[in-house]
Amino acid sequence: MEIRYLLLLCAVAGAVQAGKHDQYSGHQVFGIKFRNASDSELLHRLEGLLELDTWQHGVLEQRDAMVMVPPGKREAFLKALDDEGVQHYVQMDDVAEALKKHDDEISAWKRARRTRMIFQDYWRYDQIDAYLERIASQYPDLVTLVNAGKSYEGRDIKYLKISTTKFNDPSKPIYFMDAMIHAREWVTTPVALYSIYRLVENLRSQDQDLLRDIDWIIMPLVNPDGYEFTHTDTRLWRKTRSVLPVHETCLGVDANRNFDVLFGTTGVSENPCALTYPGTHAFSEPETGYVRDILQEHLNRIQLYMNIHSHGNWVLFGYGDHSLPPNAAQLHHVGAAMGAAMDAMKLPQAGYYLVGNSASLLYGTSGSAQDYAQVIGVPFSYTLELPGYGFGFLVPPQFIDQINEETWQGIAVTARLARSYYRARYNANN
Ligand code: ZN
């Protein structure tokens, strides 16, 4: 009786799982090669017109664009490209199949590794939350847990303050990093968690100075509602999960267009259903408000802000409207040192990091976390796009260790450079 009941349960669970990614059935991801700027403009127009999901922005002669196209839009999309002779190819034949494979890889990963650290898998919100709680209670002299407040759906958004001096020494700079502002970018949270691990649980002799000289704020899950939704329902969800006053069925805003800087001007869609809908007003989302509050509370000491995304191998800085902050040379210096450190450890199949102004290298944006931190006075503010290895957002879990390790090296380099810039400023003023 019990066994039969169990089998029935398994069958039901299996049936639910089998259809989990049906919404992406027949969706394809196309790679597109640019010959010139007008190819790139054509693709940009098509993305807007056909409401396509851009997986990767292309760069002339360096990087192919990757765009997800639903079956109903494929004909119009390919005709427009072919009419102009733009070269394209199928990167992912069926996104639903790719998602299923991704799930299977993750399951196999879990089975093969009975002990997986918190930064070695795509853990759920509850497990990550429990880890933050455990670290704080285990290392009370070093770690302070802060509950910033509730997400739209009521999850606590927590972050750690890591300091040998309880954040009381003004001669130390603060390094603030956050991850998972975009829900589908799963590999970002392991990087934040690994940073906690390396600073608190596994501080190595060569990194003693990073803990001694710098205070850290690490928020591993900016958008937990979106993240949980990618696990339970829609793997490629990007936005928050708030109910919009302007639309009955479409939910959420692009949190990385929701900050109060040039709000709603470039790189956004007015369509509430679009991936880059910025919201009705700046900081409409509680989640972005918490990031703002941290930046404002510690503004005189936050020397570097790292807003972590996936994917594409970019280290980007402001501004999204093509203008440059006055310390652009320093921003480039620290960003380039980070890219070089990560490139030194990269896998052969990964691209080299490209470093520069986000609008010049990629596309114009407004309301980004990167620009907000920069414009209010954080000296070094970056968007980091981790490697995707051609898998887009579906980075197989066997790459997590690699990404964690190489990114940690990049973070360490930026922390030390930021420290020296901070000391110069601090000594001049005190
Ligand atoms: Zn992102």
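Phe119 and Tyr197 are both buried in this predicted model, and they serve here as a starting point for following the aromatic contacts through the fold. Their ring centres lie 4.5 Å apart and their planes meet at 45°, so the pair is classed as tilted, since planes under 30 degrees apart would count as stacked and those over 60 as edge-to-face. The two residues come from distant parts of the chain, with Phe119 in the loop between α4 (95–112) and α5 (125–138) and Tyr197 in helix α6 (residues 188–201), a separation of 78 residues. Tyr194 joins Phe119 and Tyr197 in one aromatic cluster.

A second pair is formed by Phe176 and Tyr305, whose ring centres are 5.0 Å apart and whose planes are at 40°, so this pair, too, is tilted. Here the contact runs between two strands, because Phe176 belongs to β7 (residues 174–179) and Tyr305 to β9 (residues 302–310), and it links parts of the chain that are 129 residues apart under the strand assignment used. Phe176 counts as buried, with a relative accessibility of 0%, and Tyr305 is likewise buried, its relative accessible area being 0%. In total, the structure holds 19 aromatic pairs.

Strand β9 also leads to the metal site, for His309 lies in that strand, while His182 lies in the loop between β7 and α6, so the two histidines tie together parts that are 127 residues apart in sequence. The protein donors of the zinc ion are ND1 of His182, two OE atoms of Glu185 and ND1 of His309, at 2.1 to 2.4 Å from the ion. Along the sequence these donor residues follow the spacing H-x2-E-x123-H. The angles subtended by the 4 donor atoms at the zinc ion run from 57 to 145°, which makes the arrangement irregular; a tetrahedral assignment would need all angles to lie between 85 and 135 degrees. Because water is not among the atoms, the site may look incomplete. Both histidines are buried: His182 has a relative accessibility of 3%, and His309 has a relative accessible area of 1%.

Aromatic rings also take part in contacts with charged side chains. Arg241 lies over the face of Phe229, at 3.5 Å from the ring centre, and the charged end of Arg292 sits over the ring of Phe283, 4.6 Å from the centre of that ring.

How values were computed. Residues are numbered from 1 along each chain as its sequence is written. This is a predicted model: local features need pLDDT of at least 70, side-chain atom pairs count only at pLDDT 80 or more; totals for chains, interfaces and linings use all residues. Side-chain values use heavy atoms; hydrogens and water are left out. Rings of Phe, Tyr and Trp (its six-membered ring) pair if their centres lie within 6.5 Å; planes under 30 degrees apart count as stacked, over 60 as edge-to-face and the rest as tilted. Helices (H or I, at least four residues) and strands (E, at least two) are DSSP runs, numbered from the N terminus. Buried means under 20% relative accessible area, exposed over 50%, partly exposed in between (1.4 Å probe, protein chains only). A charge sits over a ring if NZ of Lys or CZ of Arg is within 6 Å of the ring centre and within 35 degrees of the ring normal. Donors are N, O and S atoms within 2.8 Å of the metal (3.2 Å for Na, K and Ca); water is not among the atoms, so sites may look incomplete. Four donors count as tetrahedral if all angles lie between 85 and 135 degrees; four count as square planar and six as octahedral if opposite donors are over 155 degrees apart and all others between 65 and 115; anything else is irregular.
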